[in-house]
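Please open the model in your viewer and keep the sequence beside it, since each stop of this tour asks you to select something and then look around it.

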Amino acid sequence: MLDKYRLVGSSYDFLSKLYSGNVIHDCKLAMLREDTIGKGSKVLFAGAGQGQDAIRAAELGAKVTIVDISPTMMKKFGQRLARHPQKDQLDIECQLIDILKYD
């Protein structure tokens, strides 16, 4: 399968910020607050990109599942997660699969 993000994956966040200011990022994080997500929550991110929002949900105590079809974007997420100071305490499962095939 062709990875459509192979060329833009490394600059995905930058392009998003360039396009919208910080509106896309702010919108993604708007619902990820302590009063909406917490211990015991389960959150599925389909097409999670580089995963800032998925990491935020896990920081709030949620069990997070990321499903993405792009190996490039999953790699970018893995790199971001690897740099996180509490990566070992975050409950995040990654699935490299088409969301329509995810059970």
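The tour goes from the sheet to the helices, then to a loop, and ends at a cavity.

Before selecting anything, note that this is a predicted model, in which local features need pLDDT of at least 70 and side-chain atom pairs count only at pLDDT 80 or more, while totals for chains, interfaces and linings use all residues. Residues are numbered from 1 along each chain as its sequence is written, and side-chain values use heavy atoms, with hydrogens and water left out.

**The sheet**

Select residues 42-46 and 92-96, which are strands S1 and S3, the edge strands that each pair on one side only; helices (H or I, at least four residues) and strands (E, at least two) are DSSP runs, numbered from the N terminus. They belong to an open sheet of 3 strands in the order S1-S2-S3, with parallel pairing, where two strands pair if DSSP finds at least two bridges between them. From one strand to the next, the twist averages 15°, with axes being lines fitted to C-alpha atoms, for helices over the stretch in contact, and angles running from 0 to 180 degrees between N-to-C directions.

Now add residues 63-68, strand S2, which runs parallel to S1 and is joined to it by 5 bridges. Ala46 has Val67 of S2 as its bridge partner, and Leu44 is partnered by Thr65. Strand S2 is largely enclosed by the rest of the structure, because 5 of its 6 residues are buried, buried meaning under 20% relative accessible area, exposed over 50% and partly exposed in between (1.4 Å probe, protein chains only).

Which residues does Thr65 touch, not counting residues up to four places away in sequence? Centre the view on Thr65, and you will find Val43, Leu44, Phe45, Glu93, Gln95 and Tyr102 in contact with Thr65, contact meaning heavy atoms within 4.5 Å. Thr65 is itself buried, with a relative accessible area of 10%.

**The helices**

Select residues 71-82 next: this is helix H4, which lies across S2 and S3 and runs at about 160° to S3. Then turn to helix H3, in which Asp53, Ala54, Ile55, Ala57 and Ala58 are buried. The buried residues of H3 pack against H2, S1, S2, H4 and S3. Following H3 is Gly61, which has a positive phi, near 105°.

**The loop before S1**

Ser41 lies in the loop between H2 and S1. Leaving aside neighbours within four places in sequence, Ser41 is in contact with Thr36, Ala62 and Lys63. If you also select Ser70, you will see two residues that are 29 residues apart in sequence and 25 Å apart in space, C-alpha to C-alpha.

**The cavity**

A cavity is a set of points, on a 1 Å grid over the protein atoms alone, where a 1.4 Å probe fits but cannot get out, and its lining residues have an atom within 4 Å of a point. By this rule there is 1 cavity of 30 Å³ or more, a volume being the space filled by probe spheres set on the points, which are joined across faces, edges and corners. For the last stop, select His25, Lys28, Gly51, Gln52 and Asp53, which are the closest to the centre of the largest cavity among the 10 residues that line it. Helices H2 (23-30) and H3 (52-59) are the elements that give two or more residues to this lining.

Methods. 1 Å grid on protein atoms, 1.4 Å probe; cavity = no way out; pocket = protein on both sides within 12 Å on 5 of 7 lines; lining within 4 Å.
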